[in-house]
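These are my notes from a session with one chain. I set out to record its overall dimensions, its sheets and the surroundings of one helix.

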Amino acid sequence: MQIYKILRAAEWQAFKMAGKTTGAPIDVQDGFIHFSTAEQVRETAAKHFAKEDGLVLVAFEADAMGGLLEWEPSRGGALFPHLYRELLLSEVLWDRPLPFEDHGHVFPEDLA
């Protein structure tokens, strides 16, 4: 199962340069890296990145994350994937721009 991380352009660049990341400021504050499933990521974008442009959607394989990926209740009791370790660039499946247009963020049509 693929899971997704939304990063601001500067966060994505820093991740690529370092080869690893502890995530965005909210991730560091919370002590884990927040991810969303395909069903959750649009709401995540609308709620936490409203009207932000210059974002990057990054995909990962949940099963490859190991035992430090936990599924925990969040919005409305839904289970969200949270990673309790650094995220490695080698774990990235793909990345795509996540532009913002008048009607909201534009997600890849083949989001699985």
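**Entry 1: burial and overall dimensions.** I began with burial in this predicted model: 43% of the 112 residues of the chain count as buried. I then looked up the accessible surface, which comes to about 6,200 Å². Carbon and sulfur atoms hold 55% of that surface. For the extent of the C-alpha trace I noted about 40 × 35 × 30 Å along the principal axes. I also checked the radius of gyration: the chain has 13 Å, and this agrees with the value near 13 Å for a compact globule of 112 residues. Among contacts with a separation of 6 or more, 75% are between residues 24 or more positions apart.

**Entry 2: inventory of elements.** I listed three helices and 10 strands. Read from the N terminus, the order is β-α-β-α-β-α-β-β-β-β-β-β-β.

**Entry 3: the sheet with S1.** In what order do the strands of this open sheet stand? I found S1-S4-S8, three strands with antiparallel pairing. Strand S1 (2–8) and strand S8 (92–98) are at the edges with a single partner strand each, so each has one side without a neighbour in the sheet. I recorded an average twist of 25° from one strand to the next. Between S1 and strand S4 (residues 55–61) I noted seven bridges in the antiparallel sense. As one example of the register, Tyr4 has Ala59 in S4 as its bridge partner. Helix H3 (residues 41–48) packs on the sheet and touches S1 and S4. The direction of H3 makes about 20° with that of S1.

**Entry 4: helix H1.** I next followed helix H1 (residues 9–18), which lies across S1, S4 and S8. H1 runs at about 110° to S1. Which residues of H1 are buried? I found Glu11, Trp12 and Phe15. Viewed down the axis of H1, the buried residues fall within an arc of 100°, and therefore they line one face of the helix. I looked up what covers these residues: the list includes S1, S4 and S8, together with strand S2 (20–21), helix H2 (25–30) and strand S7 (87–88). On the face turned away from the buried side, I noted the exposed residues Ala10 and Met17. After H1 comes Gly19, and I recorded its positive phi, near 80°.

**Entry 5: the sheet with S5.** I then turned to an open sheet of three strands in the order S3-S6-S5, with antiparallel pairing. Strand S3 (33–34) and strand S5 (69–73) stand at its edges; each has a single partner strand, so one side of each lacks a neighbour in the sheet. S5 and strand S6 (residues 79–83) run antiparallel and are joined by five bridges. For the register here I noted that Glu72 has Phe80 in S6 as its bridge partner.

**Entry 6: Pro73.** My last item was a proline in strand S5, Pro73. Is Pro73 buried or exposed? The relative accessible area is 60%, and exposed means over 50%, so I entered Pro73 as exposed. Leaving out residues up to four places away in sequence, I found that Pro73 touches Ala78 and Leu79.

Key:
Residues are numbered from 1 along each chain as its sequence is written. This is a predicted model: local features need pLDDT of at least 70, side-chain atom pairs count only at pLDDT 80 or more; totals for chains, interfaces and linings use all residues. Side-chain values use heavy atoms; hydrogens and water are left out. Two strands pair if DSSP finds at least two bridges between them. Helices (H or I, at least four residues) and strands (E, at least two) are DSSP runs, numbered from the N terminus. Axes are lines fitted to C-alpha atoms, for helices over the stretch in contact, and angles run from 0 to 180 degrees between N-to-C directions. Contact means heavy atoms within 4.5 Å. The radius of gyration is taken over C-alpha atoms; the globule rule is 2.2 Å times the number of residues to the power 0.38. Buried means under 20% relative accessible area, exposed over 50%, partly exposed in between (1.4 Å probe, protein chains only). Accessible areas come from the Shrake-Rupley method with a 1.4 Å probe; for residues, only the protein chains shown count as cover. The arc is that of the directions from the helix axis to the C-beta atoms.
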